[in-house]
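Let's take a walk through this structure together, one piece at a time. Keep the 3D view open as you read.

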Amino acid sequence: MPKLLLKFNAAVIKEIVFDKPSFSVGRKPDNDIVIDNPAVSGHHCKLANIGDTYFVEDLESTNGTYVNQKRVMKAGLHHNDVVTIARHSIVFLEDAPPPGADKTMVLPPAAVEALAASPGPSPALEIVAAAAELDSAPPAAASEPAAGAPAMESAPAVSPDKTLPPAASPQRTLPPEPVPPAAATTTARLRVLKGAVSQPEFELKGTSTYIGKSDRAQVPIQGSGIFKSAPEVAASIHRKGENYTLMAIKDGYPKVNGADVTGQVPLKDGDIIVCGGTTLQFCVQKT
Amino acid sequence: MKNLHLEIAGRTDKGKLRDRNEDSLLLLPDLGLAVVADGMGGHNSGEVASGLAVDIIAQFAAKMLGGAREIVPDGGDARISVRARQLRHFIENANTMIFEKARAFPKDHGMGTTVVAALADERSIAVAHVGDSRLYLFRKGELTRLTEDHSLVMDQVRHGLITEEQAEKSNLQNILTRALGTEPRVKVDVEDHPVFRGDVLVLCSDGLTKMVSDAELAAVLRSNEGAAETVDRLIAMALEAGGVDNVTVAVIRVAPPRPRGFLRFVRRLLGGR
């Protein structure tokens, strides 16, 4: 539930929970919020809530109702808005994080491209990488140097409770322009050493590549034995981050460096994979 | 088409700290379709965005897959299957609808959503995703992540700048490099995977993956329970670990292999596997 802070000049006089559909404000004692000051009208204004929206309505007061220094007849209220009535003011505080400070933000495409295009590491990048290690650091402190600009996150929301997992900490918003650049990109290939079916080389695109006789497999293989039979799908290679693992779909059929594979094995540059009559070499390139 | 061998279940939970559930879930077992979307944006725009995403996908799926005749969008990438192209088409349309709505209504300005969708039949599965909702494949006791998050930290992991462990602790986890509805066009990652009997697929929002580690997830899947029980257990684990965010989990189980015996013998005779 939102809160209202009644202030006189800078001093907070009262804290009121917005627990009713409406609050009347004025000098007379029948108001919900009484401000005993001759500059305040008997019934000065009304703060009300309908559904998700909160607003203030002036009740034809003599000296007027101001929201963020602008005289209003009726105005919507948002987090941190200040309603001024003569020398008193009411600050509207939403307890839920204000809109815009939502948990997730999306980088604009230009920033993503910049990230992909810029070569080599940069200072900004190292700060981001360092920030990643400081999981208990207050988010504002971590994102400010990285961004080179003050974070937009409202400071009071920072949780002092370090035991919460990082997802629990308030979300930061990183100004979109300065973006950490990317470093080397890893590409992996399978080179066919023996028993090529279609192409001599396959680039491993996406997160998964399948090896087998089936037309569903990206890397086709030749069978072995008298009938030249091969499994529809013999093995798959999965990428996680920049590491690759080979998984036997048919246990014992694929061989990596001469050893039968059951379950999965990590792949290293130069590894030799034998599937039936086809021999492949796994190659990694950093560009 | 009836997917007799697929068992699909899913559930979404608000979590323990959030006031609202911005996640949306769509399960169409008859079509073999499961979708998880995790919305973002001020006020209730997050749930508007994720809700729109699943609604549009459901509408398109009903028209293009559920009718008397399947409709396939023209053109597109020839390297991916027809189902993958259909799935991409659904998601691209959802993107347009969310983007236009965000533009038309100031209160929804800037809203967006992640999406992960799986369109499965007995032989194969098309997987599409945008953002940091994930799809895991559990096959023969091993857990594999089939989607790669579109997030700043995952970009860094891919470029070898930080490790996976560092990424999981990073303060920058919440920064996505792609989302549905934030730009007029979106690049949807689509892949085809063969499916085998006994496979289990898990679609989930980050409310699960930030609370439950891959190892814990694998342990639950190893206990080999029904789809609905697995969903309940995973959500309970996320809530126990703090339930910081909305949690959505969908599980697709492919019926386990038939008992070995006569059929297998006949297959072997015919030179199959």
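Glu216(B) sits in helix α6 of chain B. This is a predicted model, so treat every value here as computed from it. Is Glu216(B) buried or exposed? It falls in between: 14 C-beta neighbours lie inside 10 Å, so Glu216(B) counts as partly exposed. Now look for Met237(B). Along the chain, Glu216(B) and Met237(B) are 21 residues apart, but in space their C-alpha atoms are 9.2 Å apart.

To see how those two are brought together, look at the helices. Helix α6(B) covers residues 214–222 and helix α7(B) covers residues 227–240; they pack at an angle of about 150°, with 10 Å between their axes. An angle over 145 degrees counts as roughly antiparallel, and α6(B) and α7(B) are therefore roughly antiparallel to each other. The crossing of α6(B) past α7(B) is right-handed. Which residues make the contact? From α6(B) come Glu216(B), Val220(B) and Leu221(B), while α7(B) brings Thr230(B), Arg233(B), Leu234(B) and Met237(B). Sort the residues of this contact by type and you get four nonpolar, one polar and two charged.

Between the two helices there's a loop, and Asn224(B) is in it. Here's a general point to keep in mind: most residues other than glycine have a negative phi. Asn224(B) has a positive phi of about 55°, although it is not a glycine. With 14 C-beta neighbours inside 10 Å, Asn224(B) counts as partly exposed.

Helix α6(B) has other company too. It lies across β6, β7 and β10 of chain B, and runs at about 130° to β7(B). Those strands belong to an open sheet of five strands in chain B, in the order β1-β11-β10-β6-β7, with antiparallel pairing. Which strands stand at the edges? They are β1 (6–13) and β7 (142–145) of chain B, each with a single partner strand, so one side of each has no neighbour in the sheet. On average, neighbouring strands of this sheet are turned by 15° against each other, direction ignored.

What holds a sheet like that together? Strands of a sheet pair through backbone hydrogen bonds, either parallel or antiparallel. For one pair in this sheet, take β6(B) (residues 134–139) and β10(B) (residues 200–204), which run antiparallel and are joined by five bridges. Within β10(B), Val200(B) is the residue opposite Phe138(B).

Chain B has another helix pair for you to find. Helix α1(B) (residues 45–64) and helix α2(B) (residues 82–104) cross at roughly 140°, and their axes come within 9 Å. That makes α1(B) oblique to α2(B). The crossing of these two, α1(B) and α2(B), is right-handed. Residues of α1(B) in this contact include Leu52(B), Ile56(B) and Phe60(B), and among those they meet in α2(B) are Phe90(B), Ala94(B) and Met97(B). The residues of the contact of α1(B) with α2(B) split into 13 nonpolar, two polar and one charged.

Now swing over to chain A. How many helices and strands are there in chain A? You'll find three helices and 23 strands. Of the 287 residues in chain A, 32% are buried.

Start with strand β5(A), residues 45–50. It pairs in the antiparallel sense with β3(A), residues 22–26, over four bridges. Here Phe23(A) has Leu47(A) in β5(A) as its bridge partner. Strand β5(A) also pairs with β6(A), residues 53–58, again antiparallel, over six bridges. Opposite Lys46(A) in β6(A) is Glu57(A). The hairpin of β5(A) and β6(A) has two residues between the strands, and Gly51(A) in this hairpin takes a positive phi near 60°.

Two loop residues finish the tour. Asn68(A), in the loop between β7 (65–67) and β8 (70–72) of chain A, is a residue other than glycine with a positive phi, near 50°. With 12 other C-beta atoms within 10 Å, Asn68(A) is exposed. Lys268(A) is in the loop between β21 (264–267) and β22 (272–275) of chain A, and Lys268(A) is exposed, with 12 other C-beta atoms within 10 Å. Count along the sequence and Lys268(A) is 25 residues from Asn243(A), yet they are 8.5 Å apart in space, C-alpha to C-alpha.

Definitions and conventions. Residues numbered from 1 in each chain as written. Chains lettered and ligands numbered in written order. Predicted model: local features only at pLDDT ≥ 70, side-chain atom pairs only at ≥ 80, totals over all residues. Axes fitted to C-alpha atoms, helices over the stretch in contact; angles between N-to-C directions. Parallel < 35°, antiparallel > 145°, perpendicular 65-115°, else oblique. Left-handed = near helix turned anticlockwise from the far one by under 90°. Contact = placed C-beta atoms within 7 Å. Nonpolar A, V, L, I, M, F, W, Y, C, P; charged D, E, K, R; others polar. Pairing = 2+ DSSP bridges. Buried ≥ 20, exposed ≤ 12 C-beta atoms within 10 Å, placed from the backbone.
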